[in-house]
Amino acid sequence: MQKSTLTGQRLVAVFLVGCILFNYPVLSLFDRVATLFDLPLVFAYLFGAWGGLILLMAWVVERRSDQRTERSGG
Amino acid sequence: MLQGPVVIAVSFLYLALLFAVAYWGDKRADAGRSIISNPTIYALSMAVYCTTWTYYGSVGRAAVTGVGFLPIYLGPTLVMTLGGFLLLKMIRTAKANRITSIADFIASRYGKSQLLGGLVTVIAVIGIVPYIALQLKAVASSYDLIVGYPALIAPAESGSSIFADTTFYIALILATFTILFGTRHLDATERHEGMVAAVALESVVKLMAFGAVGLFVTFGLYGGIGDLFARAMSDPQLAKLTAVASGSRSYATWFSLTLLAGLAILFLPRQFQVTVVENVSEAQLKRAIWLFPLYLLLINLFVLPIALGGLMRFAGQGVDADTFVLTLPMSAQQELLALLVFVGGLSAATGMVIVETIALSTMVCNDLVMPLLLRTKTLALHTERDLSGLLLSIRRGAIVLILLLGYLYFRLAGDAYALVGIGLISFSAVAQFAPAMIGGMYWRGGTRNGALAGLLAGFAVWAYTLLLPSFSKSGWLPASFISDGLFGITLLKPHQLFGLAGLDDISHCLFWSFAANIGAYVVVSLLRAPTAAEASQATQFVDALKTTRPVGSALWRGSADAADLVALVGRFLGPVRAETAFASYARRHGLADPSKLEADADLVHYAEMLLAGAIGSASARAMVASVAKEEPLSLPEVMNILDEASQLRSYSRELERKSRELEAATGELKAANEQLLEVDRLKDDFMASVSHELRTPLTSIRAFSEILRDDPKTALPERERFLGIIVSETERLTRLVNQILDMAKIESGNAEWLVEDVDLNSVVEQSMAATSQLFRDKGVALSLDLASSVPLIRGDRDRLMQVVINLLSNAVKFVPPNDGRVTVRLMADNDSLRVSVTDNGPGIRLEDQAVIFDRFRQGGDAMTSKPTGTGLGLPISRKIVEYFGGKLWVESEPGQGASFIFSLPLNNNENGTNE
């Protein structure tokens, strides 16, 4: 009945992934004075994970084929 | 070029440009061609989240806490992933109920309570005032900085009179512009398309300006991002800033800031305004879900590089880190860039101030002032006065008042805090709306009293642990309030309430205020069941995403006069707009004349919704109640209506299921019908074949009889030959008719079966004996290969003989005379007996093998070879074999002879007894 339930569930999954990536204890793994590609490790990690999360969100909501099936199903 | 007049002129030019955009946006909206109906513009308007706090303050925070500024943007990113649920529900609810603000939302949810709307408004105003002060402070200090060029440190505010204070004038200018943007029109509806367009433009400007500084610092002042970080990392003091735990205080702080910012993106009045109230279509939410976080990422990309660059460049010079964005270009004599940065900061500030004060003024007007005014008898509610002008005046007054309050806070407490500190105080205040909002959207049991108690408790704790200490820090309250607690009671120390130490003051406030807020909300809500009004509104909100929920009109009963309603709406929207609205309602209901409208529940609901858009749901409710004679519904009645609605829902689901079943049944019927048609066609074919087969011998008999009758001189031998033909044709005719009857009997199930234990060996032997004359006549060798003894089998002896004889006579027909050979085999395996009749005839073509078992179909080419036999033998044989659960088939290759084989299951007791 609820339109785009699958997309909704995927977004919740992305939310949970984000909560894990951006908090203790995963965050602490990268929280030291070190560099990655000349960037501070935690800086590179946070922006990398953030960008990845946004890509994932964009991919989830912008998928065309899914929407069509969901619309007809809903 | 950075003299005061130039900067002021550029600022005003920029504001004029914004105003032009807003004006154009409003014109387009009036023409029905919205420019903001675009997901990108929608996402950009949400970026009003990034204020001067982001623009200047993030760098300041990064200079102290390193990556500790990021949770403020990670929180909203995470919440946007839930936008598909949470924001969609808020948007749909708001549209369905014409919600104008967050106060309206909460008031409407808990039974359209004016008290609750007022409380939310008060909290929002008090909570947001420091945030507005922050914007004023940022614009003022950036102005002081830039006109003081080339000095990098602004002269200390002299604390002089208000009229010599730049900030005061900035507040007044911003108030003027806000009034121009938000309350220019005489229609007091909730939407402001032009404002949204201007805000979207401002978001682009601030992102570009900040990006320009970032690129300049990274690549102009330093040799790229790697070089900048490499130099910073060589300083152990700066290197620490690149870590979380050492930079910011702890992971607990990190978590509470993430949570706080995530709630702020939902419940800040300006975010609610652009995201929910100004939303044009739900579809736009989809792109905003990822585009807005992307904006946040981009605007934060250069924060840490700028902070580190500034710290290295200005080491020991006492330059405030909050000003690095501006002072870095200034220190490099980049005057144009500095001006651009100033304009970007102005964008960030004006965008926030305009949207926030418009949202707050709507709340103050609809949920605070109007309810009070409407209560006072002196306003003479029943006079036919146009109040739409009054509405706008109230809003304009509220805008000025809010900005002046912001200025007041700035004067009182502004200097004690960095930008980020002030912003977090506001975030913590609006976070208090979370339990009532989220609880209200997902929990039916929440009541008005619960929401009131929760909000009051949370707000009180917030004020005690964050707001009052901010006054104390600025010297307005004694410093001992923080250090010793209220009345010197240690347990009441505002930053260590009840002795809770070890948390930073924001996490500390968040914990205690949420504990109080959620606790009071839940406990008080559970003290009594929801009232009728609460229950009906709860359904509207909790079931917002369900397709069938009772519309508001279902929950109203009473009587009203249509003319009164039109007049009432006219007083708030203006008579012309009211007439237009009701005329379009009449047209939708097929009435040409709006005066003939019947004041039923639908019309009353429509009028209430129109009013809600202008004065908020709680006041609209009260106003409609003042002209309509309402019969209040009791809780059981409301529950009945809601139950009916849910019954309707289940009925409709039931109906859907039934219609699906019906569809399936239709499909089956169609298939059955096609099958029937096919059978009918077969029957026709059969009749045609039968007629044809009967006619052939009849024609022959008739022809010879006529010869005999007409020509008496026929010689005797001729006569005998003709009579012989007549007899044999008659016999063939008899056989044919017998077989047709036989076939019909078997097919209809009327055949008589004499089932007994049969020895198949003897069946085969007797059949061979019966046909031996045929073999001898044609000179065909018949060999027999029988198993020594086979188990008895249940069957009809005569019928089985009929099968074997049929196969044998077929075989003898097709083998060549004199050197033909026919072999009969009987084999037994575990569960069946198998009889095969093999000949060395011409064989059967592959395409014929399937059809020879059809009635009247014979092997070979019907055009060239004369058919032998009736064409019913094999079909009857197959029917008989199948009757006893067996199979009859042919194996043959053309030129290699043919084998007709039938097998009968040994264990066929059941067969033949129940057909």
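These exercises, each with a worked solution, walk through a predicted model of two chains, A and B.

Local features are taken at pLDDT of at least 70 and side-chain atom pairs at pLDDT 80 or more, while totals for chains, interfaces and linings use all residues. Residues are numbered from 1 along each chain as its sequence is written, chains are lettered from A in the order in which they are written, and side-chain values use heavy atoms, with hydrogens and water left out.

**Exercise 1. Get to know chain B**

Task: Find how many helices and strands chain B has, and what share of chain B is buried.

Solution:
- Step 1. Count the DSSP runs, numbered from the N terminus: helices are H or I with at least four residues, and strands are E with at least two. Chain B has 35 helices and nine strands.
- Step 2. Sort residues by relative accessible area: buried is under 20%, exposed is over 50%, and partly exposed lies in between (1.4 Å probe, protein chains only). Of the 915 residues in chain B, 54% are buried.
- Step 3. Look at the contacts, meaning heavy atoms within 4.5 Å. Among contacts in chain B with a separation of 6 or more, 80% join residues 24 or more positions apart.

**Exercise 2. Describe where the chains meet**

Task: Work out what chain B brings to its contact with chain A.

Solution:
- Step 1. Start with the residues: 37 come from chain B and 36 from chain A.
- Step 2. Take the buried area, which is the accessible area (1.4 Å probe) that two parts lose on being put together, summed over both. Chain B and chain A bury about 3,400 Å², with 79% of it on carbon and sulfur atoms.
- Step 3. Check for salt bridges, where a side-chain nitrogen of Lys or Arg is within 4 Å of a carboxyl oxygen of Asp or Glu. The rule finds zero across this interface.
- Step 4. Find the elements involved. Several helices of chain B each supply at least two residues to the side that touches chain A, including H4 (71-81), H13 (251-267) and H16 (303-313). H15(B) gives the most, with nine residues.
- Step 5. Sort that side of chain B by residue type. Ala, Val, Leu, Ile, Met, Phe, Trp, Tyr, Cys and Pro count as nonpolar, Asp, Glu, Lys and Arg as charged, and the others, Gly among them, as polar. The result is 28 nonpolar, six polar and three charged residues.

**Exercise 3. Explore the cores**

Task: Which residues touch the most other members of the largest nonpolar core?

Solution:
- Step 1. Build the core as a set of buried Ala, Val, Leu, Ile, Met, Phe, Trp, Tyr and Cys residues joined through side-chain atoms within 4.5 Å.
- Step 2. Read off the answer: in this core of 203 residues, they are A:Leu46, A:Trp50, B:Tyr49, B:Phe427 and B:Phe433. H7(B) gives the largest share, 19 residues.
- Step 3. Zoom in on B:Phe427. Leaving out residues up to four places away in sequence, B:Phe427 touches residues including B:Tyr49, B:Trp53, B:Tyr131 and B:Leu268.
- Step 4. Note a second, separate core of 48 residues, which includes B:Val803 and B:Leu807.

**Exercise 4. Compare salt bridges**

Task: How many salt bridges are there over all chains, and how exposed are the partners B:Glu534 and B:Arg528?

Solution:
- Step 1. The count over all chains is 17.
- Step 2. B:Glu534 and B:Arg528 have their closest N and O atoms 3.1 Å apart. B:Glu534 is buried because its relative accessibility is 4%, while B:Arg528, at 30%, is partly exposed.
- Step 3. Turn to B:Arg681 and B:Glu678, whose closest N and O atoms are 2.8 Å apart. Both lie in helix H30 (residues 635-710) of chain B, three residues apart, about one turn of the helix. An α-helix has 3.6 residues a turn, so residues three or four places apart point the same way.

**Exercise 5. Look at two positive phi angles**

Task: Are B:Lys112 and B:Gln333 buried or exposed?

Solution:
- Step 1. Most residues other than glycine have a negative phi. B:Lys112 has a positive phi of about 50°, and phi of B:Gln333 is near 60°.
- Step 2. Place them: B:Lys112 is in the loop between H6 and H7 of chain B, and B:Gln333 is in the loop between H17 (324-331) and H18.
- Step 3. B:Lys112 counts as buried at 15% relative accessibility, whereas B:Gln333, at 55%, counts as exposed.
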